[in-house]
Amino acid sequence: MELKELCKIVAETARTLGRELLEKRDNNAFEVMTKGHNDFVTSLDKYSERTLVQKLSQLLPEAGFITEEGTRSDRAERFNWVIDPIDGTTNFIHRVPPFAISIGLLDGDEITLGVVYEMSHDELFAAYKGGGATLNGKPIHVSNCPSVANALITTGFPYSNFSRAKGLLQTLDTLMRTCHGLRRLGSAATDLCYVACGRFDAYYEYDLKPYDVAGGSIILSEAGGKLSDYHHGNDYIFGKEMLASNGLIHSELENIINPLINQIEDNK
């Protein structure tokens with residue numbers, strides 16, 4: 001199956017499932033469990049993941065899986081689906097947007113397809129390699145913001161791993177004095193898509209998991225954005241850290257963020 005057709009089917013699957021999850025949540029048809037400190041999972045996370053694994057297995061039988069809740073964790077040699085069944089579970093539990101289904105397809109080490117369905121606003125972001133990025137079927141592109149001073153930036157806060165929190169706080173102190181504003185939404189997948197469609201100009205966070213960013217990363221890339229880790233490299237899917245931007249302010253933002261966070265980390 002060609003990527004274009006595969007992306008269309010995956011997107012339709014995500015939207016149908018997302019609407020079902022919302023209905024179940026609004027009817028209080030779910031349970032909340034704790035995986036660790038401030039780390040929650042609901043019965044709907046698990047239901048969503050089982051459903052996605054079942055349907056994606058039918059689309060690409062040879063593919064393996066990287067999943068948040070461990071429904072399947074058998075990695076294949078070439079293709080692997082990377083799934084976050086509900087990115088922003090804490091938001092979902094408290095009925096605070098955003099929260100999203102995130103799906104990415106790895107071909108070797110490269111993400112070639114991404115779908116993020118932000119449920120609360122019925123926004124379906126999708127992209128495949130070479131096909132551009134869309135929101136509800138319409139093309140999207142990153143902003144043309146030329147400098148950090150003109151930027152609206154989003155980030156994420158740690159909920160259990162505070163090893164680099166001091167460095168993060170230093171970046172916040174510097175950026176709040178410099179840019180238009182800072183936001184923290186609570187869903188990495190949505191953050192990336194909001195940069196992709198120009199609502200934000202940049203996003204950064206540490207202690208990320210592959211399923212947090214796999215789907216959104218190609219959506220941002222196909223929308224004209226740029227991604228890196230905190231060491232000017234490209235290890236942002238499995239490297240647990242990411243800086244993403246419209247591309248125009250990337251180097252300037254790297255020069256602000258990377259030294260602050262890396263200095264704290266190296267001197268611990």
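**Exercise 1. The largest pocket**

Find which residues lie nearest the centre of the largest pocket in this predicted model, and work out which elements line that pocket.

*Solution.* Start at the centre: Asp87, Gly88, Tyr159, Gly186 and Asp212 lie nearest to it, out of 29 lining residues. Next, look for elements that give two or more residues to the lining: these are β2 (39–42), β4, α3 (89–94), α5, β12 (202–206) and α6 (210–222). Then sort the lining by residue class, which gives 9 nonpolar, 9 polar and 11 charged residues. Finally, the space in this pocket comes to about 600 Å³.

**Exercise 2. The sheet and its edges**

Trace the strand order of the open sheet of 7 strands, then explain why β3 and β9 each have one side without a neighbour in the sheet.

*Solution.* Reading across, the order is β3-β4-β5-β6-β7-β8-β9, and the pairing is mixed. Now go to the edges: β3 (64–67) and β9 (138–139) each have a single partner strand, so one side of each has no neighbour in the sheet. For a closer look at one pair, take β6 (residues 110–118) and β7 (residues 123–128), which run antiparallel and share 6 bridges. Within β7, Leu124 is the bridge partner of Tyr117.

**Exercise 3. Helices on the sheet**

Determine which strands helix α5 (residues 188–196) lies across, and at what angle it runs to β6.

*Solution.* Follow α5 over the strands: it lies across β4, β5, β6 and β7. Then take its direction against β6, which gives about 100 degrees. To link this with the first exercise, recall that α5 and β4 also both give two or more residues to the pocket lining.

How values were computed
Residues are numbered from 1 along each chain as its sequence is written. This is a predicted model: local features need pLDDT of at least 70, side-chain atom pairs count only at pLDDT 80 or more; totals for chains, interfaces and linings use all residues. Side-chain values use heavy atoms; hydrogens and water are left out. Two strands pair if DSSP finds at least two bridges between them. Helices (H or I, at least four residues) and strands (E, at least two) are DSSP runs, numbered from the N terminus. Contact means heavy atoms within 4.5 Å. Axes are lines fitted to C-alpha atoms, for helices over the stretch in contact, and angles run from 0 to 180 degrees between N-to-C directions. On a 1 Å grid over the protein atoms alone, a cavity is a set of points where a 1.4 Å probe fits but cannot get out, and a pocket is an open set with protein on both sides within 12 Å along at least five of seven lines; lining residues have an atom within 4 Å of a point. Grid points are joined across faces, edges and corners, and a volume is the space filled by probe spheres set on the points. Ala, Val, Leu, Ile, Met, Phe, Trp, Tyr, Cys and Pro count as nonpolar, Asp, Glu, Lys and Arg as charged, and the others, Gly among them, as polar.
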